[in-house]
Amino acid sequence: MIAFLHPWLLAGLTAAGVPLLLHLISRREPPTVVFPAVRYLVDTTREHQRRLRLQNWLLLLLRTLLIITLVLAAAGPSAPIRQAGGHGPTALVLVVDNSLSSGAVAAGTTVLTDLRAAGRRVLERATPEDALWLITADGAPRRGESATLTRLLDSLTPSARRMDLGATLTLANEVLASAPGPGEIVLVSDLQATATSPGEVRAPLLVARPDGDPVPNAGVGSIDPGPEPWTTDGGRVLVTVAGSIGRPTPVSVRLGNRAGRQALASTGTPVEFVLPGTSAGWWPLEAEVDPDELRADDARITALRVAPVARVNWPATDRYLAAACEVLAADGRIQKGDEVLLGRLGPGASVVEPPEDAAQLGALNRALSRRGILWTYGSPVLASAATDSGALLGRERVMKRYTLTPTGSGRTGVVATVGGAPWIVRSGSVVLLGSRLDPQWTALPISALFVPFVDALVNRLARGEVSVIEGAPGDPILLPDLITQVRRDQRSWPVEGGAAFRAPDVGVYYLMNGPDTAGALAVNPDPKESDLRRATDLEVRQLWPTSRIVGLGEAGVAAFSGAVRADLRGPFLWFGLFCAFAEVALASAWRRQK
């Protein structure tokens with residue numbers, strides 16, 4: 001079926017009636033008087049007029065066809081002819097996957113080099129009438145001419161940002177939704193299996209991928225220093241290797257500028273390192289594997305807080321709290337002392353439970369107000385619910401609790417919630433719990449996470465410290481409350497606590513509360529980037545049914561045919577030119593005969 005880029009120009013077809021009108025007007029003849037002397041010419045004239053009438057009808061037909069073909073050509077016709085040499089005006093979104101895995105070296109060149117070459121071949125086939133967009137790992141659609149997008153393509157380098165191919169194709173589909181005429185998406189990617197996902201793809205999709213198998217690779221998948229802060233006696237680090245390498249690989253772990261410890265690690269199996277103690281403060285902790293064909297994932301970094309253990313005064317009459325504290329004390333995580341008061345409000349750092357007797361709630365709220373605490377206890381809630389998953393807790397059942405109400409503006413200091421409502425809050429050096437740590441109030445005391453939870457309460461929250469946050473470059477990362485600045489080396493970013501921060505690159509960023517370091521943000525590539533296994537053609541077609549899959553070398557030839565519409569303006573113009581020459585030739589011959 002023929003479609004038109006400018007269908008409003010078809011109104012010009014009415015001009016095709018002009019030759020017919022002129023022809024009818026020219027047929028009006030004046031009265032004829034036949035003289036006796038010329039009667040012998042009548043028969044000859046009739047025969048000549050029959051020939052002229054045929055020539056006039058041919059001229060009428062050619063002139064009408066000439067006008068029709070010119071109008072149709074101006075309207076931009078296209079038809080579903082895949083074998084046609086050119087293509088009609090097309091809206092095309094070129095997606096080039098320059099995520100971290102594209103930096104892998106195969107046969108002496110990076111995968112991204114081949115991807116860029118395939119993208120250039122696609123853009124070379126574009127015409128000035130095509131609408132072009134380029135989407136890369138940063139997720140921003142860029143529109144431009146072929147030359148402009150080619151320069152952007154040539155400047156691409158492997159990005160630490162991860163590209164979710166399904167989400168990116170959905171974005172490309174949205175871009176095409178606002179474009180006139182037929183559209184097509186061209187995805188140029190190494191088709192990393194962990195990056196493929198379902199997406200809403202309605203437009204024709206061309207997928208260009210490398211031939212052959214990816215290179216083996218190993219990268220640092222995770223580095224876990226365990227509960228923080230560490231004591232000055234040192235601690236243990238668990239490191240996991242990710243990737244597709246089939247043999248153990250050497251791994252080293254280094255704290256600050258100290259000499260590293262080494263071990264052999266297999267993919268997916270954590271290996272433990274015991275590191276000696278160091279002085280109090282924040283320290284970078286880095287794990288690294290031997291260099292391979294993908295260098296960008298060979299190291300992973302985090303931040304480690306080293307501090308003396310908290311000196312805690314815990315209630316011996318509280319069965320569950322006492323048991324947890326005894327375990328922590330035996331493990332060297334806390335000591336007996338008066339730095340942190342556990343269970344009730346004291347003059348210093350305190351972890352406060354609501355009183356068993358509701359009549360004592362008013363006195364507790366007045367004491368909190370005198371301390372300048374920005375939260376108070378409200379009405380009881382007896383409905384059973386579960387805590388919301390967060391950095392401190394997962395899903396834990398809560399049967400009884402008190403509401404926690406802010407006395408100031410906003411809800412700063414929320415640490416954990418139940419159904420979105422504050423359940424654990426911190427104001428200064430005071431932590432308020434919405435429930436007593438008793439199985440009749442919450443299932444947390446009989447959970448395996450209870451001892452680490454108490455460790456976090458006394459060593460981090462009550463002392464005004466927060467845990468290290470993990471994130472990936474470019475991802476929005478929610479910051480803890482009261483954070484005023486993010487700092488890395490000589491750079492700093494003013495921020496608002498509770499807002500999202502996007503780290504521009506890999507590294508450790510320190511979270512500042514005024515002049516104090518309140519925590520750290522460890523930014524590393526997504527460990528999924530280390531697994532270079534490619535999705536099969538069958539897996540791709542199951543995810544994106546409209547896709548056609550070709551090798552990188554065929555991307556240029558196969559592009560601009562997904563919409564399956566060839567540009568018919570050339571054939572129409574050539575036919576119009578033929579009609580014009582035929583009309584001139586016939587009219588000239590007619591004048592010579594006359």
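**Exercise 1. Find how strand β30 pairs with β31, and place the pair in its sheet.**

Solution. Strand β30 covers residues 485-488 and pairs with β31 in the antiparallel sense over four bridges. Strands here are DSSP runs of E with at least two residues, and helices are runs of H or I with at least four, numbered from the N terminus. Two strands pair if DSSP finds at least two bridges between them. Within the pair, Arg 488 stands opposite Arg 491 in β31.

Next, the sheet. Five strands form an open sheet with mixed pairing, in the order β28-β34-β33-β30-β31. Its edge strands, β28 and β31 (491-494), each pair on one side only. From one strand to the next the twist averages 25°, where axes are lines fitted to C-alpha atoms and angles run from 0 to 180 degrees between N-to-C directions.

The model is predicted: local features need pLDDT of at least 70, side-chain atom pairs count only at pLDDT 80 or more, and totals for chains, interfaces and linings use all residues. Residues are numbered from 1 along each chain as its sequence is written, and side-chain values use heavy atoms, with hydrogens and water left out.

**Exercise 2. Describe the largest pocket by volume and lining.**

Solution. On a 1 Å grid over the protein atoms alone, a pocket is an open set of points with protein on both sides within 12 Å along at least five of seven lines; a cavity is a set where a 1.4 Å probe fits but cannot get out, and lining residues have an atom within 4 Å of a point. Points are joined across faces, edges and corners, and a volume is the space filled by probe spheres set on them.

The largest pocket holds about 1200 Å³ of space. It is lined by 39 residues, and those closest to its centre are Gly 390, Ala 391, Leu 392, Arg 460 and Ser 467. Elements giving two or more residues to this lining include β10 (218-224), α8 (450-461) and β28 (469-471). Helix α8 gives the largest share, six residues.

By class, 22 lining residues are nonpolar, eight polar and nine charged. Ala, Val, Leu, Ile, Met, Phe, Trp, Tyr, Cys and Pro count as nonpolar, Asp, Glu, Lys and Arg as charged, and the others, Gly among them, as polar.

**Exercise 3. How many cavities of 30 Å³ or more does the structure hold, and what lines the largest cavity?**

Solution. There are three such cavities of 30 Å³ or more. The largest cavity has a volume of about 70 Å³, and its lining includes Asp 190, Gln 192 and Arg 534.
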